[in-house]
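I opened my notebook to look through this structure piece by piece. My topics are ring pairs, charged pairs, sulfur links and pockets.

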Amino acid sequence: MNIPLRTFRFTQGLNANPPFVTRSALAHYKESKAMLKLERIPKSVAHFLGKDAGQNKNLERRSNSTGSKRALITMLGVIAALAGSAVASNAEPLWVTYPGLEEKKPVFLHFRREVILDSLAASYPVELSADNRFILYVNGKRVAEGPSRGDLAHWRYEQLDLRPYLHKGKNVVAAEVWNSFTGETPPRAPLAQVSARTGFWLRGDGAASVFETGASWRVSRDRSRTFESPWPHLNTVLGGTYYVAGSSEIVDAAQADWNWNALEETHAEWVNAVAALAPGEAAPWALQSDKLPPMRYTPVSPGEVVRTNLASGTAFPKSSVTIAAHASATLLIDQAKMVSAYPEFVVSGGKGAKITVTYSEALYDKNKKKGDRNAIGDRLVLGVEDTFLPDGAHRVSFRPLWWRTWRYMQLHVETGDQPLTLEGLSLHETGYPFDERGFFKSDDAALNQIWEIGWRTLQINAHETFMDSSYWEQLQYVGDTRIDNYIVYTVAGDPRLPIQAIDAFGHSQGKDGMIQSAYPSSGDNIIPPFGLLWLGMMRDYAQYHPDTDVLKRNLAGARKILDWYAPYVASNGLVGITPKWNYIDWAGEAQQPGNPTHEDRFPSFDAAMKTSCIISLSYLGALNDMAVVEMAAGDPALAAADRQKADAIKNAIHDQCWDADKGLYADSPDRTVFSQHANALAVLYDVAPKDKAAGILRKVTKGHGVDAPEGIIEASYYFSWYIVKAFDHADLDDEYLVLVETWRDLLTLNYTTWPESRGDTRSDTHAWSSHPTADLIGIVAGIRPGALGYSSAVIEPHLGTLKSVDAATPTPHGLVSVSYRLSGQKMLATISVPEGLPARFIWKGRTYPLETGTNQLELLTP
């Protein structure tokens with residue numbers, strides 16, 4: 001039986017002395033539970049039932065009579081009253097869905113639950129999730145979204161209290177749930193999104209149990225939205241490219257239910273929700289609490305129209321503008337800087353019109369090339385598109401379900417028989433809610449700008465996971481994320497997103513011991529050197545944070561990475577070609593993913609043994625990193641074993657890869673190819689003797705930025721972080737401001753976020769290029785950990801020609817801040833150290849102990 005009980009009355013305040021309830025009435029309740037597929041009996045009611053009440057043969061049986069239905073509804077009112085103060089039982093609410101839904105087909109659903117509250121409890125805590133995504137509304141107000149990305153074995157649920165959004169009387173809790181699905185070519189859904197089937201789940205404690213998902217929820221299928229992959233369009237307008245970040249949306253207002261979350265149902269398609277799982281079927285989602293805070297949803301300026309063919313177009317979006325019937329208009333809006341946000345347009349009229357919204361990181365010339373990011377002229381807007389089809393109604397609001405990333409947004413409007421008015425545009429910026437605790441300011445305005453652009457790039461690409469590019473892929477890659485974590489530790493000090501990343505890669509580990517290079521992901525992408533960098537990511541965490549729980553639960557997996565590599569160590573002591581993609585960097589002529597058959601491509605392998613110096617150096621670094629992790633959270637004996645293996649491979653690299661004539665390390669034992677990569681890693685991991693380190697690094701750089709001289713394979717902005725680390729390891733920190741000239745040169749192109757690669761880059765927002773933001777604090781201002789777990793701090797500035805620097809960084813003990821002022825031959829340093837953090841200051845080779853609180857030092861400069 002399917003009773004359409006969509007609204008029932010809920011009374012509070014009966015916990016002290018619940019009203020008398022007969023066993024007969026309770027029998028009605030238990031049977032109604034089966035009829036309505038309610039998920040649990042409140043404990044206060046179970047008390048009256050007794051342990052064997054459900055087996056009492058004298059209990060009244062269900063009937064189909066009208067009187068029984070009335071009794072049932074009356075009884076539910078009593079039970080609801082009891083539930084208002086009951087402690088939740090262990091039973092789980094249902095996953096619900098739309099009846100007869102096709103498997104693995106894109107769908108957009110509306111769910112709603114109506115409840116009348118005669119009074120309000122102190123709190124209404126709920127947990128909720130969906131496959132694939134949800135946006136929750138309470139009485140028309142957007143209050144939550146999710147679930148945070150994970151995999152089926154680690155499926156997140158969000159937690160919140162509905163109390164601030166409820167009122168006495170009728171309340172409507174409603175959700176948009178959509179699933180664009182994966183597995184197609186080209187994919188409509190984001191590659192980073194995993195899915196089992198479409199469903200929605202909400203659990204409530206105490207008074208909130210009345211909102212739990214079951215047959216009392218209503219659902220409708222909204223057919224106004226179509227999901228399309230932007231990839232074919234991008235290939236058409238830009239040539240061959242790679243895009244897996246998710247769908248474009250087509251929204252047809254004529255098919256939309258604009259009142260879906262209003263007080264009353266107005267659409268014919270509403271039906272009772274049904275169970276998403278068959279009876280007895282195990283749920284594919286292993287639910288776990290999301291440890292991350294809600295993502296930002298912050299109003300920001302919508303930008304300014306900088307090019308239009310509409311006479312009044314520049315007034316938009318501050319004022320409304322109208323496009324006449326049978327006309328076309330184009331408005332180009334410059335956000336002035338990159339943004340990840342939810343755009344929302346309000347339009348009136350325009351039946352038969354078509355609005356195409358294009359989002360672009362930059363504008364393109366006639367040859368499809370980028371240049372000065374501020375240049376407009378007649379440059380082209382090419383990128384992901386959404387399409388909105390108005391139906392003539394007044395003040396209809398259009399928005400995509402998922403956020404977009406752009407600097408330039410173009411609106412192209414084609415009208416039919418009716419004019420269309422663009423009433424307004426609003427933006428809500430989104431991303432992980434980092435608190436910007438660290439900072440860097442100097443008397444060099446360009447350095448300050450470099451710091452700010454790097455931090456903004458990180459924020460644009462940090463959401464529920466880190467993302468290599470919020471525009472193009474939205475995938476959390478190991479190589480990118482290691483640098484992201486480093487920036488977060490230095491500026492925000494919030495370890496929650498880095499912990500999520502370390503765990504996620506551990507969750508991706510296959511039976512053979514290797515992890516995915518990007519995760520969460522519905523695809524398969526194995527880059528074995530990224531498995532090695534995962535160990536480096538753990539070492540970095542151990543350096544900055546005293547809590548080692550995340551390391552301990554990933555220790556076994558980390559050890560498997562080294563075990564995976566061990567069989568590929570050849571008889572010459574070097575690492576040979578391994579399965580899958582031996583990616584190190586976008587440099588030289590890259591090996592093909594999964595098919596490294598050309599020994600002279602990057603990274604190169606010798607013809608005889610098929611071994612590589614660069615891969616061997618990466619393996620060496622992972623052994624060193626794992627030894628540190630073992631000392632911090634594991635087994636000292638295993639740390640010693642890792643160091644012993646590291647010594648053996650270090651000797652093999654030096655013996656077979658060192659070219660005495662060139663004074664450099666080669667990429668392979670053939671000694672025909674030389675790169676910045678091999679030599680930076682040789683210095684960083686102490687293969688190179690200390691007395692040769694400086695000479696090696698200067699031979700593979702030109703004395704301007706991180707550029708390589710002719711004949712040396714050049715590192716990308718990403719891998720240049722390892723070059724910087726090598727300079728630091730070789731005590732060449734005073735040359736850091738020379739290395740950062742590469743980013744100073746990029747300022748001439750007016751980037752607002754850092755690009756993916758040199759030259760004509762695909763992506764304009766790649767946080768792996770943002771490491772100067774951390775290094776300006778860690779190297780120039782000189783603040784960094786002095787021991788594992790940030791149990792001490794060392795402050796050693798390298799100011800170059802700077803005369804003024806103010807900086808700070810968070811630590812587990814509190815903020816460390818510095819202020820340096822140079823005048824003539826004197827340097828005045830003011831340093832603030834939090835309680836409980838031993839710290840020392842180093843200046844020109846001399847060490848000065850610091851005390852808790854403010855320290856002032858007046859020192860001479862050589």
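**Entry 1: Aromatic rings**

I looked up Trp201 and found a relative accessibility of 2%, so Trp201 counts as buried. I noted at once that the model is a predicted one.

I then looked for the ring that pairs with Trp201. Trp95 and Trp201 form a stacked aromatic pair. Their centres are 6.4 Å apart, and the angle between the planes is 25°. Stacked requires planes under 30 degrees apart, and this pair has 25°.

Where do Trp95 and Trp201 lie? Trp95 is in the loop between helix H3 (66-83) and strand E2 (96-97). Trp201 is in strand E9 (residues 199-204). The two are 106 residues apart in sequence, so the pair ties together separate parts of the chain. I checked Trp95 too: at 6% relative accessibility, Trp95 counts as buried.

Next I turned to Tyr820 and Phe841. Their ring centres are 6.3 Å apart and their planes meet at 45°, so I wrote this pair down as tilted. Tyr820 belongs to strand E33 (residues 814-823) and Phe841 to strand E35, so the pair ties together parts 21 residues apart in sequence. Are these two buried or exposed? Tyr820 is buried, with a relative accessible area of 0%. Phe841 is buried as well, also with 0%.

How many aromatic pairs does the structure hold? I noted 39. I also found one aromatic cluster made up of Tyr486, Tyr718, Phe719, Trp721, Tyr722 and Trp768.

**Entry 2: Salt bridges**

Side chains of opposite charge can pair when their charged atoms come close. I searched the whole structure for such pairs and got 38 salt bridges.

I began with Arg112, which forms a salt bridge with Glu114. The closest N and O atoms of this pair are 2.8 Å apart. Arg112 has a relative accessible area of 1%, so I marked Arg112 as buried. Glu114 has 6%, so Glu114 is buried too. The cut-off for buried is under 20%. Which residues are linked in a network of salt bridges with Arg112 and Glu114? They are Lys170 and Glu264.

I moved on to Arg553. Arg553 forms a salt bridge with Asp503, and the closest N and O atoms are 2.8 Å apart. The pair links distant parts of the chain, 50 residues apart. Arg553 is in helix H9 (residues 549-565), and Asp503 is in helix H7 (residues 496-507). At 12% relative accessibility, Asp503 counts as buried.

My last salt bridge was Arg539 with Asp625. Their closest N and O atoms are 3.3 Å apart. Arg539 lies in helix H8 and Asp625 in helix H10, so the bridge ties together parts 86 residues apart in sequence. Why is Arg539 described as partly exposed? Its relative accessible area is 28%, and partly exposed covers the range between 20% and 50%. Asp625 is at 5%, so Asp625 counts as buried.

**Entry 3: The disulfide**

How many disulfides does a search of the whole structure find? It finds 1. This disulfide joins Cys613 to Cys657, with an S to S distance of 2.0 Å. The pair links distant parts of the chain, 44 residues apart. Cys613 is in helix H10, and Cys657 is in helix H11 (residues 636-657).

I also looked up the torsion about the S-S bond. It is about -90°, so the disulfide is left-handed. Cys613 is at 0% relative accessibility and so counts as buried. Cys657 is buried too, with a relative accessible area of 0%.

**Entry 4: The largest pocket**

I finished with the largest pocket, which has a volume of about 1,100 Å³. Its lining has 36 residues. Which of them lie nearest the centre? They are Arg539, Lys725, Asp728, His729 and Arg784. I had already met Arg539 as the salt-bridge partner of Asp625.

I listed elements that give two or more residues to the lining, among them helix H6 (478-491), helix H8 (528-544), helix H10 (613-633) and strand E35 (839-843). The largest share, 5 residues, comes from H14. By type, the lining divides into 13 nonpolar, 9 polar and 14 charged residues.

Definitions and conventions
Residues numbered from 1 in each chain as written. Predicted model: local features only at pLDDT ≥ 70, side-chain atom pairs only at ≥ 80, totals over all residues. Heavy atoms only, no water. 1 Å grid on protein atoms, 1.4 Å probe; cavity = no way out; pocket = protein on both sides within 12 Å on 5 of 7 lines; lining within 4 Å. Points joined across faces, edges and corners; volume = space filled by probe spheres on them. Helix = DSSP H or I, 4+ residues; strand = E, 2+ residues; numbered from the N terminus. Nonpolar A, V, L, I, M, F, W, Y, C, P; charged D, E, K, R; others polar. Disulfide = S-S within 2.5 Å. Buried < 20%, exposed > 50% of the residue type's maximum accessible area, 1.4 Å probe, protein only. Salt bridge = Lys/Arg side-chain N within 4 Å of Asp/Glu carboxyl O. Phe/Tyr/Trp six-rings, centres within 6.5 Å; stacked < 30°, edge-to-face > 60°.
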